[in-house]
Amino acid sequence: MPHPPSPRSPAHPGPDDLYRRARRDAEPFLAGHPLPDQPVALPDLTPYLQALPDARTPAEVSAVTHQLVAATAPVLDHIAGHFVTLALWAGTEHRHTPQSVRLLREAALSIRTALVKVAEADLENLRAHYTSPAAGTEHLGAGAPSYTATAAPAPSAGPRR
């Protein structure tokens, strides 16, 4: 949905004006470098979404999580790498501002950090399931599992800092 026009001075154009100008100025470039105008095809997550409700143990949830991360990590890492490439762009006349370089690198790092955090969460669940609270020994599945896939986690109060 387009943003409503905001009153801006010519010295401080709004996002819509900036993108309009950029599209206009990039027309000759894009004529020689036609880029796809459709979204990239999304990976099919159906098998993971169908398997998850049937998972009853942390090991089963971990299997789904591990496979999902393994399947999507190459695509996400590829996109993160492209953001780094954008940050390193050095045209002969124009360069990114230091702020835009920082933002692009942070975006790439955020994508890669998300994958690490998912793996850490998975290991934390497995650790809680397989480690005895008292002795720190591996439990052999006796008793109720410490996590069930059917229970939704409580919403967090926001990111930890």
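# Close-up legends for a predicted four-helix model

**Figure 1. Helix α4 from end to end.** Helix α4 has 33 residues and reaches 47 Å from its first C-alpha to its last, close to the 48 Å expected at 1.5 Å a residue. Before we go further, please keep in mind that this is a predicted model. The buried residues of α4 are Ser100, Leu104, Ala108, Ile111, Leu115, Asp122, Leu126 and His129. Where do these buried residues of α4 pack? They pack against α3, which spans residues 58–88.

**Figure 2. The whole chain, for orientation.** Let us step back for a moment. The secondary structure comes to 4 helices and 0 strands, and from the N terminus on the elements run α-α-α-α. Of the 161 residues in the chain, 16% are buried. The accessible surface comes to about 13200 Å², and carbon and sulfur atoms hold 64% of that area. Among contacts with a separation of 6 or more, 52% join residues that are 24 or more positions apart.

**Figure 3. Helix α3 and what covers it.** Here we turn to the partner of α4. Helix α3 has 31 residues, and the distance from its first C-alpha to its last is 42 Å, close to the 45 Å expected at 1.5 Å a residue. Where does α3 bend? The helix bends by about 40° at alanine 73, and proline 74 follows within four residues. The buried residues in α3 are Pro58, Val61, Ser62, Val64, Thr65, Val69, Thr72, Ala80 and Ala87. Their cover includes α2 (residues 46–51) and α4.

**Figure 4. Valine 118 beside α3.** This view moves in on a single residue of helix α4, valine 118. Leaving aside residues up to four places away in sequence, valine 118 touches Thr65 and Val69. Both Thr65 and Val69 appear among the buried residues of α3. Is valine 118 itself buried or partly exposed? With a relative accessibility of 38%, valine 118 counts as partly exposed. A further distance to check in your viewer runs to histidine 66: the C-alpha atoms of valine 118 and histidine 66 are separated by 8.9 Å, although their positions lie 52 residues apart along the chain.

**Figure 5. Arginine 102 and glutamate 106, a salt bridge in α4.** The structure holds 5 salt bridges, and this view shows one of them. The side chains of arginine 102 and glutamate 106 meet with an N to O distance of 2.4 Å. How far apart are the two residues in helix α4? They are 4 residues apart, so about one helical turn separates them. Arginine 102 is partly exposed, with a relative accessible area of 37%. Glutamate 106 is also partly exposed, and its relative accessible area is 37%.

**Figure 6. Arginine 127 and glutamate 124, further along α4.** Another salt bridge joins arginine 127 to glutamate 124, and their closest N and O atoms are 3.4 Å apart. Both residues lie in helix α4, where 3 residues, about one turn of the helix, set them apart. Arginine 127 is partly exposed at 47% relative accessible area, and glutamate 124 is partly exposed at 46%.

**Figure 7. Helix α1 and its kink.** Now for the N-terminal side of the chain. Helix α1 covers residues 15–32 and has 18 residues; from first C-alpha to last it reaches 26 Å, close to the 26 Å expected at 1.5 Å a residue. Where is the kink in α1? A kink of about 50° lies at alanine 26, shortly before proline 28.

**Figure 8. Aspartate 25 and arginine 24.** Staying with this stretch, we look at the salt bridge between aspartate 25 and arginine 24, whose closest N and O atoms are 3.0 Å apart. Which exposure class does each partner fall into? Aspartate 25 counts as exposed because its relative accessibility is 53%, over the 50% cut-off. Arginine 24, at 45%, counts as partly exposed.

**Figure 9. A nonpolar patch on the surface.** Which residues form this patch? The nonpolar patch is made of Phe29, Leu30 and Leu35, and together they have about 310 Å² of accessible area. One of them, leucine 30, is found in helix α1. Leucine 30 is partly exposed, with 36% relative accessible area.

Key:
Residues are numbered from 1 along each chain as its sequence is written. This is a predicted model: local features need pLDDT of at least 70, side-chain atom pairs count only at pLDDT 80 or more; totals for chains, interfaces and linings use all residues. Side-chain values use heavy atoms; hydrogens and water are left out. Buried means under 20% relative accessible area, exposed over 50%, partly exposed in between (1.4 Å probe, protein chains only). Contact means heavy atoms within 4.5 Å. Accessible areas come from the Shrake-Rupley method with a 1.4 Å probe; for residues, only the protein chains shown count as cover. A salt bridge is a side-chain nitrogen of Lys or Arg within 4 Å of a carboxyl oxygen of Asp or Glu. The expected span of a helix is 1.5 Å times one less than its number of residues. The bend at a residue is the angle between axes fitted to the seven residues ending there and the seven starting there. Patches are made of residues with over 30% relative accessible area and no salt bridge: like charges are joined within 9 Å, nonpolar side chains (Val, Leu, Ile, Met, Phe, Trp, Tyr) within 5 Å.
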